[in-house]
Amino acid sequence: MTTDLTTASAAAIADALAGGEATSVEVTQAHLDRIAAVDDRLNAFLHVDAEGALATAAEVDARRADGAELPALAGVPIAVKDLINTTGQPTTAGSKMLEGWIPPYDATVVARLRAAGLPILGKTNLDEFAMGSSNEHSAYGPARNPWDTSRIPGGSSGGSAAAVAGYEAPLALGTDTGGSIRQPGAMTGIVGVKPTYGGVSRYGVIAMASSLDQVGPMARTVLDAALLHEVVAGHDPMDSTSIERPVPPVVEAARRGDVAGLRVGVIRELGGEGFQPGVQAAFDRAVEQLSQAGAEIVEVSCPSFAHGIAAYYLVMPSEVSSNLARFDAMRYGLRTVPHQGASAEQVMAASRDAGFGDEVKRRIILGTYALSSGYYDAYYGSAQKVRTLIARDFESAFEQVDVLVSPTTPTTAWKLGEKSDDPLSMYLEDIATIPANLAGVPGLSLPVGLADDSGLPVGVQFLAPAMADDRLYNAAAALERLVDTPKLEEVR
């Protein structure tokens, strides 16, 4: 194929492999070479499995040579967030607590990748246990934004975003609890999708907040994301929250990309004051382009969204407190013995102190307090009521429109360390993405150019009703054809 193997889309690579213009071994080796060349600057990968990836690629090439009928993405390499269990490769959750741990089983999404013949290049960096909006909370150093390595790539799936944006992988899997796929997608100029809650299995994914977490695709084009979505989605009896319904026709929708007559709702509460002027201007241009393409633009109000961050930062840490209780130095994970003859409680306290970083400790403490006797109804219970109001706002909005649209983030990527001493300011970066997680609806972030005032990527977010993920791909594919999608020339 004439296009460089590392800058081509996943769909183009798949076509080249099917047409005999390249082999999976060649494609996989090209990406491994790219990782070797630039990852010392990006720190996107925590572990690279060159041997395993090349073995899978060779197997796919052999099957193709024998005339076997292969899945669409067979032979296209992928990166996997290091929160997702992989046999034969470490899964650390970006934490010293699980340093060197190799899972005894694959997550369902990884098993589906293997069945579809995608070589797994390695495991990507993340905020520890997926807690953060910048990837600065990784125990192994921050991933960096390929557009400007002095800036954050977003979080918590920042390593996956940096790998895709930096041409180290054409595809990646991330997880999204409050925006952790869409926010880094916006900040690195790629497509990031949070499917409907329960649409993709969470079995084998280390839990942060079980009622919010969702695995999803990260890619450089809408079609690529849809192709990966189709591979990993679908019912899984191993996940009690998995939806037993057919996967929405996301690939068909991504190929269609027609918004003529589509009712698009602009969310009044997600824009204007507090949003960086360059972000707001790029968003306004995108909405105008949708209108010119035949979409009907309607302003809608979702008043409960204003309380989304407050509700999220009670629900999420409460579930964190529960989920991370298992890391107690008794069963698995880091064990620190403070002194000879230490009691189990002393070993547990020393191990959790040494193994968890500051952000994880902050959220555990907040969640434990919110769930404590006498405060449960006042905090956690009230947050769940707000969550219901947000879901009702979505229901009301989708009675008026087919999809909703907003800026993905209030700002473009900030400098490393700029918000480290102000966690509340960092939490506010998720103001537009959190409502989708609280309600369980799908969301997609699409790059729509560079901000006039920073020269950095801006993302626009589409939201759709539960199990209507195909609406996201249709609307985003239509806009993708109209906007000047930012292209990274080189890591800088």
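This report walks through a predicted model, starting with one strand and its neighbours and ending with a pocket.

## Strand S3 and its partners

A good place to begin is strand S3, which covers residues 120–124. Five of its five residues are buried, so S3 is largely enclosed by the rest of the structure.

S3 pairs with two strands described here. With strand S1 (residues 45–48), S3 pairs in the antiparallel sense over three bridges, and His47 stands opposite Lys123 in S3. Strand S2 (78–81) runs parallel to S3, and four bridges join the two. To find this pairing in the model, look for Ile78, whose bridge partner in S3 is Ile120. Together with helix H4 (108–115), strands S2 and S3 make a right-handed β-α-β unit.

## The loop after S3

After S3 comes a loop that leads to helix H5 (158–165), and Asn125 lies in this loop. Asn125 has a relative accessible area of 0%, under the 20% cut-off, so Asn125 counts as buried. A polar atom of the Asn125 side chain lies 3.1 Å from the backbone oxygen of Asn43.

Arg151 also has its place in the loop between S3 and H5. Its relative accessible area is 18%, and because buried means under 20%, Arg151 is buried too. The side chain of Arg151 has a polar atom 2.9 Å from the backbone oxygen of Ala413.

Further along, Gly155 is found in the loop between S3 and H5, and Gly155 is buried, with a relative accessible area of 1%. Gly155 and Asn125 are 30 residues apart along the chain, and their C-alpha atoms are separated by 9.5 Å.

## Some unusual backbone spots

Most residues other than glycine have a negative phi, and most peptide bonds are trans. With that in mind, a few places deserve a look.

Which residues does a cis peptide bond join? The pair is Gly155 and Ser156, with omega at about 5 degrees. Ser156, like the residues just described, sits in the loop between S3 and H5.

Ala130 is not a glycine, yet its phi is positive, near 70 degrees. Ala130 lies in the loop between S3 and H5 and counts as buried at 3% relative accessibility. Ala93 is another residue to visit: its phi is positive, about 60 degrees, although Ala93 is not a glycine. Ala93 belongs to the loop between S2 and H4, and with a relative accessibility of 0%, Ala93 is buried.

## A second pair of parallel strands

Later in the chain, strand S7 (residues 263–267) and strand S8 (residues 296–300) run parallel, joined by five bridges. Arg263 stands opposite Glu296 in S8. From S7 the chain passes through helix H9 (residues 277–292) before it reaches S8, a β-α-β crossover that is right-handed.

## The largest pocket

Finally, there is a pocket to explore. About 300 Å³ of space lies in the largest pocket, and 15 residues line it. Which residues lie nearest its centre? They are Tyr105, Val205, Ile206, Ala207 and Arg326.

Sorted by class, the lining of the largest pocket has ten nonpolar residues, three polar ones and two charged ones.

Technical notes. Residues numbered from 1 in each chain as written. Predicted model: local features only at pLDDT ≥ 70, side-chain atom pairs only at ≥ 80, totals over all residues. Heavy atoms only, no water. Buried < 20%, exposed > 50% of the residue type's maximum accessible area, 1.4 Å probe, protein only. Polar contact = N/O pair within 3.5 Å; in protein donor to acceptor, adjacent residues only side chain to side chain. 1 Å grid on protein atoms, 1.4 Å probe; cavity = no way out; pocket = protein on both sides within 12 Å on 5 of 7 lines; lining within 4 Å. Points joined across faces, edges and corners; volume = space filled by probe spheres on them. Nonpolar A, V, L, I, M, F, W, Y, C, P; charged D, E, K, R; others polar. Pairing = 2+ DSSP bridges. Right-handed = clockwise from strand over helix to strand, strands pointing away.
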